[in-house]
Each structure stands twice: as C-alpha cells, then as structure tokens.
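Here are my notes on the model, set out as numbered points to be read alongside the coordinates. They take up a pocket, a sheet and two helix residues in turn.

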Amino acid sequence: MHDDIPLTVGRVTRVLKERILPAVHAESVPLAAEWHELPGEPVAPVEGLALDYTPYAVGTPWGAAWGTTWFRLTGQVPAHWAGRRVEVVADLGFDRDMTGFQCEGLVYRADGTPVKSLNPRNQWVLVADQAEAGQIVELYVEAASNPILVAGNPFVPTREGDIVTSSSARLYRTGRLDLAVFERDVFELALDVEVLLELQAELPAGPRRMQVLQALDDAMDRLDLQHVAETAADARSALVDVLARPAEASAHEISALGHAHIDSAWLWPVRETIRKVARTTASMTTLIDETDDFVYGMSSAQQYAWIKEHRPEVWERVKAAVDAGRFVPLGGMWVESDTVMPSGESLVRQFLHGQRFFETELGIRCRGVWLPDSFGYSPALPQLMRRAGFEWFFTQKISWNQVNTFPHHTFLWEGIDGSRVLSHFPPMDTYNAQLSGAEVALASRQFRESRAATGSIAPVGWGDGGGGTTREMTGRASRLADLEGSPRVRWEHPDAFFERTREQLPQAPVWVGELYLELHRATLTSQHRTKQGNRRTEHLLVEAELWAVTAAVRAGTAYPHDELDALWQQVLLQQFHDILPGTSIAWVHREAVEQYARVTEAAEAIVARSLAALVGEGDTALEANAAPFERAGVPAGGVVEREPAGPGACAVSLSERDGGWVLDNGVVAVTVSAEGLVTSAVDLATGRDAIASGHEGNLLQLHQDVPNRWDAWDVDRYYRNRVTDLREVSALSASVDGEGVARVVVERRISPDSTVRQELSLAPGARLLEIDQRTDWHESEKFLKVAFPLDVRAEHVAAETQFGFHRRVTHTNTSWEAAKFETSMHRFVLAEERGFGVALVNDSVYGHDVTRDVAGDDVVTTLRLSLLRAPRFPDPETDQGVQTHRYGLVIGADADVATREGALMGTPSRRVRGARAVAPLVTVTGEGIVVSSVKEAADRSGDLVVRVYESLGGRARGTLQFDLTVGSVTTASLLEEPLDDGAVPVLDGVVPVELGAFEVRTLRVVRA
C-alpha cells in the first residue's frame, strides 16, 4: 500500500481543529451583558453583586492592568433547546496559550453562590444538564484584568508589574458571551480523535499504528462536515474497536492527580493569588461533582486558609470534597517554600503550621512533602521531613538541569545526617501535564526504574497561575485507562503510589547530598532586601520566642501565641519559592519589604515587653544575649550587667603603613592597603596569613550579567569572562572608638551612578574582621561580588545549611562539579586545611562561589560572596537604591568557630536598662551541641519545647541544664508530639543528650 500517513494526519488534524471543536458549542444565542469597572482594589462578592451595572457591548475594551470588572450576563433558554445540556460560553479576551497568565474570572449565581472559573482553557459554565424552555439565566462574573507579562519575548522589562506604575489602558476585548447547546457527542468525538491522533504519533511503525490511522480515516469518512453534530455519533462508532483494545500487560502505569500548582505570588501579587485559589478550587470541586473518579490535589495550607477567610462558600465545597477523598491536601507545609535559603527553624515551622492547619481544619495529616517547583533542595531536608513524620518526597524541578541528567526517577534521598526518604521525580518532566500522547509516551520511555517499578506520577492541570484540570483532561484519562500502545492512566492519591512503589523497590537507588538545580542560580542573590528581611525576621522571631517563654516562666506573663503565629505565618508565606528567591514582579517585592518591616516592629515589641518584664524597672545597664553562644561573658539566653568599656590598654592598636593601616588586637593582625583592600590577615598564634601572598581580600568585583533567559533567576557561567576590579578609593580614614574597636572607612565609586561605603572593624580579642557595607546601587545588568583569595589548600569548603553544613569539593573534575559555579550558604562558608581555616560570615547573604587556583607552588582558594544584582525582568528596578550588608572574615577558623561567629552575627546582643540580671532557662554543655530554639508548645499546653542540633558533623555528648522545675522531658517530633519511646531521664534539672552527626533533637518539657 502507498504511504498515506501524512495525508491522514493532515486531514484529521484540520477537521479536528476547524470543524469538530467549533461544533461543540455551534448552536448559540448571545446573552445580554452589563458591566461595572471598579476604580480600585477588588470588593467582596456581596458588594460586587450589588453594583450599578450599565449595558456592555461584546468587543468593547475592558480592564486596565490589575483592575476588576464585574459583568452581569442574562438570557433565556430558547424553547427548542428544552431537554438539552445548555452552557454559557464566555470569552473574556483569552489567549489559549496564556492560561493563568492573563485575564480570568469567577462566576457567581445571583444569590452569591460561586460556580466556577473562566480562563482560556475553561470558558464554559453549566446552566442545566436538561434545560427547560424559557429558563432564565442570570450570572455574574468577577473578571480580573491581570496583564500578560510573559508573551512573545518573555524577558522584556515592563512597568506593568506594579499597580503603582502600570498603564491605565484597557487590555482586553471580549470575544463571545453566549448561551449555547453543549453537543456531547461532538465533544466526545473530539477527545476520541485527539487521543488517537496523538497516540499514533508515538507508536512505532507496525500494525497498531496503521489500524489507528485507518480507523481515523473511517471516522472522517462518516462525518458530514456540514452537519457535524448530527453525524458525530456515527463517526465515533468507527473508533470503538481501536479505543477498546487493552494496554500491554507490561505497560507503564501513570498515577494521575489533578493539579494547578498555584504560585502564591509571582507575576501577580498575593491579593490576586487569593482570588486565583478561589477560582481554581471552585472549578475543581465542580469537576469532582461531574466525574466519578477524578482526584485533585492542592498543597499549601496558606491557600486553604485564604479560601476559608475570603470565599467561605467555596471552602465548604472544598471541605466536602476532602471528606469524600476526592480533594487531597498535599505537602504538609504552609506554602511550597524555597528550601535552600530558609533557616532550619523556618522549615520546621513550615511543617508545623502546615500540618496543624490541615489536621485542625480538615482532619488530614499529609504523609509526603510536595515541592514540584522549588529551585533546588537542601541536603538537610531529608532529616527534617522524617522527623516531622513524612514518608515521601515529590518534585520535578531537577529535570530542568542545564548540564547533567539526574540518574533516577524513584530513589532514596539521603541527607547530611544519614536520614533517607523515598523520593520521586515524574519522568513526564512537568507539573502541568495535559495527558497528551507525547507526555505519557515520554513518561514510559524515560522512566529509569523500569526494571523493578511499574509506574510514575503525573500532576495534571494548568498551573503556575492556576486553572487546574479540565474536563478534556479527565476525558483523556478515561480513554488512556487501558489503551493498547499507551501507558495505563488512573486517578490516584500519591500515598497509594508511594506505598506500591516502596514494595516494588525495596532496594531503591540512593542519592546522597543536596539536590542542586543546575539553573536559576542567581535566585540566591536577586532582591537583596527581600532576602535580608527573611534572614532578620526568622532570627528575630526565634529571639522573640526565647524572651517570651523566659518571661512566662520567670515573670508569669502570658505567652503571645496568637501574635507569634501570625508573624511566623507572614514570614513563612514570604518564603514561597518565587518571593524569597527574588523572582516576582515589583509589586510582590515592594509588599514583602513592607511586611518584613511590620513583622520586625511587632516582634521587637514582643522582645521589648518580655525583657521589660524580666529585668524590671531600674537603671542598671544590662546586656541580653539571645544567640546560642556566649558573647563577651553574656551567657546564651541570659541577661547580665554590662561591664563598662575597658581601659585603653585593651584597645586594638591602629598604625599607619604605606598609606594604609594595620589593625592588631593581639589575636590577629590585619593590614588594609591604601586602596582599602585586605593584603594580610595573620593569626598571631600560628603566624598563618589568611590572605594568599600577592593577593588582596575585600576586593569588590563588578561583572556584566546578562543571562540567556530568566533574568532574575539565572546567572550563566560566562558572566565571569568580563569583570572590573573596584580599586579606586574616594576616601580612606581610620579611628579607634571608645570601646577599643579599630575602624577603617573606605569609600568608592562603582560607576558614575553608584557608590559604596565600607567600614572594616576589629574588636578587642576578636578573630572576626567585620565589614559593614552601604551601597547606593543604580546599575543595570551587573553582578557585584566581594572576593577573598585565601592561602588555604582546601579540598572542600563547608557551607552552612539548616542545622549543620554541607561540604562541596573545590575542584571541577566532572560536569557535576563544574555546574556548581554558584552555590548556597547560610551564615558561613569555611575553607579549611588541617590545622588552619578561614571563614566568611554574613547576616543576609546566600550566594557565593569558590575557585581553586595555583600560584607558583601554592594553592589559592578564593571565596566570593554574591552581594547585588540588577536584572530587569520581572522587576526592572531590582535592588536599585541603598542596600546594606554585614559580613566578615574569620581568621583562624574551624567549623565550631565559624558556626559560633555566624550565629553571633545573625543575632546581635541587646542593651537594656533594668533592675536585675536574668539566668538562662536552658544551658547546654557538650562540644558541637547548639540550642536552636526555646519556646512554648504550639498546642498552648504551657509545655516548653527545646530544640538542639549537632553542628560539627560528628557524634556529640553533653547535657541540657534547665533552670526551672521540670516535671518530665520527652523526645518529640518536629511537630512537637511526644514520641512513643521518647522519655528522657531528668536528674536535678539536668538532661543527658547524645546526638549523631547533624542530628536535630526536639525535647518537650513539662513543668512541675
């Protein structure tokens, strides 16, 4: 036979697009439309329904950027439509390729009941399955005119990303506002044809493909293109046999789950996400009602809380669907957070607040962590998941790697402490699957554990901006349930998938360490104010808890549970994986900075009143230390009388040399050149110089920074090829203050528009050369780093992560190491050889890079902190204006010193006046054991919760001494629930503690 495949495919493709799909709603009558454009922010639905409406003509432009327009649609079912399914079809001006990224709407009945959403792939609203002649139709649409920011070239700078700067021009024109008959046979025919057309494209040459193509040709022959609705059933009959043939016994099995992955903010503000969640969940509960087996999953307790608060009618529908097992809470977290930058306590609170909400409001405890889109995953995460009670982990983001293909899809992920968690990456490589033929074939073809395991997960639905699963997707799933040549598809709860997978893969492959994303590396630096706000507030809230619980025990004050919960939830929201990474529109980051200021003010008020209750009224100068390490004689968690400034003999000596300065405190000696650069930093006890000979530290370096795409997200390796060293000094001065601290002030001009001022300081007895930097930044597409070339032969560097540190090699032997040219840290990064090490510590930096070079016979390890960027999309004003940093060089450091110095920089001491000192509630002994938090239990029982961890990567033994009357102590989960075998002996308030490497231990203390 002749090869007629292209002819058949071309014929079917055209008929499907031009004749079948338009015939689904071919018979229609226009609705009468009225409108009301709101002048400002959205209003409650009850107010929207009561607005004054004026006539609206279809095609009239509507909706300025970020505006809200209410439409009232009315009509009457024609008599000859009686008994047929009738729907409203509303095109608000949609671009089918921009679902979730443009205008959308939520439909209400006249009584205020929300119905479902309108979006580019979901333009219908049911009127009646069997309409009555003359039936009156009255619907209201709350339409959001969100601007399209990613069309065409998606990285063009735009002012539309903030309501403060966006245009007032109307953005959309309605295309259709009709009452229409829904032709069920035509709809089903479209799905039959689409599934088979996509199936044959993936089949190898052979009988099955030829038979499918012949059946499609036969169906086209039976279809009268002028009378599609009347002949659709006959055309479908030609496809019955090929659709009925079952899949092979060995076919890959796809566990589908309805999904929308609604970003809690990104190219839209938080206020719009609240509405997106309501729209999507309204549609998903409608789809659940119209199907028998469809299962929808949604993560983020915050998004459920928004529905409950803002759309209680939708909330009741969600609750009912959850009770029926059809709407699945996922992830057990407050939001789908970044996991690289938040502190350990922050990740614990993500789990604590997420799981408590799901249990309290829905009676559900999530068994797995669901993070499909975060930009890499911390090696501390496996332990935290396990200690919070989770059994599995899901993501797909690592499939975005630039260089290396991850070797597994289902595997055990091992963290820094040795904890392992069963993990799965969908081989479909998407969290927005449509169940297309290409997608399901890719899943089957790519799945790397096929020798033993049979299946994978597919999150199905339009995502990022919401929308979710469509009836077309559920229709595809029913046809792919058991179809020859295709994987089998079934709707299934992820828990069932992981239970089956655990049995199939008792010896699953193991991946050890971080899940590093070889993309989006610049998210560690973009939007510095957002990152600074996160670091400072998460530390400040832990401090507020410490002083509040100390005041509750010592002074009998009430612990401020409600305040702290609300503040934590705000910070947790802003750890969402498009807010904290700095990749959202200007509006989002403007609000984030404002919220951090609000959280700071409220937390500071808690600290102030707690300390006031503790120290009493008086005029004694006191110093309070909330850091987990002693500081200048002030114990961790204690308040002591402040010693007056020491005599001049204790001051750091400051001497001029070659136009620069030498700072010497008897522990270290630092030379600052006339260019304000650190040319020497000597540990006087060993004579070792931290700075490599002939090199200079504190060297600010400016790079050109234009990635191939994803401006705020990416820095590409070639950025290093063009660099300007900032050596020219505008001003240089030095002094010693009244407390004996030597300071050198350096001022420079970065460019005609930008300046930087640094204050280098060395305190008596300190190993830390601290640098306070103020940058007035007005650059575009530039990357600012500060370099410290070290005379350390470091095979690895240790970068702090949650509850410990992660070692990375300094070489680039393989493509895996070479791809890690920008990596993460928390408060320190340490380069060390036997007997000597140097650390960089900071108060608000997350990105750094490490290079290893040879100078003569010496190896030079250069550490560089990433300070500022200036991408133009999605926020064209990213990081513009005054920015501040605190960082420092620790001379003669090991992991213990680096951990301590980083913690002390992150939590400064406080000077207060009062009548008395305050002893710490908890004192720890034992090398490497660090107290992470002390607080009251979240269940408001009055019990104390104390969390400790091993910080050095080895086994530790020590004690916790409680300065209160202890009834009992129990080891608890991260959710603060006592473990069955968790009883801990207590003798005179002393609790013995033994920890493994990087182990996190939570203790629950019942007061006597």
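1. The largest pocket in this predicted model encloses about 1400 Å³ of space. Its lining is made up of 43 residues, and those closest to the centre of the pocket are E623, R631, A632, E739 and A763.

2. Turning to the elements behind that lining, at least two residues each come from the strands β23 (620-625), β24 (638-641), β34 (755-762) and β35 (768-777), and the helix α19 (895-906) likewise supplies at least two. The most is given by α19, which contributes five residues to the lining of the largest pocket.

3. As for the chemical character of the lining, the residues of the largest pocket divide by class into 19 nonpolar, eight polar and 16 charged. A reader inspecting the pocket may wish to keep this division in mind together with the residues closest to its centre, E623 and R631 among them.

4. A separate point concerns an open sheet, in which four strands follow one another in the order β1-β12-β6-β9 with antiparallel pairing. The edges are formed by β1 (28-30) and β9 (124-128), each of which pairs on one side only. From one strand to the next, the twist averages 25°.

5. Within this sheet, the pairing of strand β6 (residues 86-91) with β9 can be followed in detail, as the two run antiparallel over four bridges. Which residue of β9 stands opposite V89? The partner is W124, and the strand to which W124 belongs, β9, is one of the edge strands of the sheet.

6. Is D289 buried or exposed? This residue lies in helix α7, which spans residues 270-290, and D289 counts as exposed because its relative accessibility is 65%, where the cut-off for that class is over 50%. In sequence D289 and R326 are 37 residues apart, while in space their C-alpha atoms are 9.6 Å apart.

7. T474 belongs to helix α13, which covers residues 471-479. With a relative accessibility of 11%, T474 falls under the 20% limit and therefore counts as buried. When its neighbours within four places in sequence are left aside, T474 is in contact with L287, T291, F294, T469 and W491. One of these contacts, L287, can be placed in helix α7, given that this helix runs over residues 270-290.

Key. Residues are numbered from 1 along each chain as its sequence is written. This is a predicted model: local features need pLDDT of at least 70, side-chain atom pairs count only at pLDDT 80 or more; totals for chains, interfaces and linings use all residues. Side-chain values use heavy atoms; hydrogens and water are left out. On a 1 Å grid over the protein atoms alone, a cavity is a set of points where a 1.4 Å probe fits but cannot get out, and a pocket is an open set with protein on both sides within 12 Å along at least five of seven lines; lining residues have an atom within 4 Å of a point. Grid points are joined across faces, edges and corners, and a volume is the space filled by probe spheres set on the points. Ala, Val, Leu, Ile, Met, Phe, Trp, Tyr, Cys and Pro count as nonpolar, Asp, Glu, Lys and Arg as charged, and the others, Gly among them, as polar. Two strands pair if DSSP finds at least two bridges between them. Axes are lines fitted to C-alpha atoms, for helices over the stretch in contact, and angles run from 0 to 180 degrees between N-to-C directions. Buried means under 20% relative accessible area, exposed over 50%, partly exposed in between (1.4 Å probe, protein chains only). Contact means heavy atoms within 4.5 Å.
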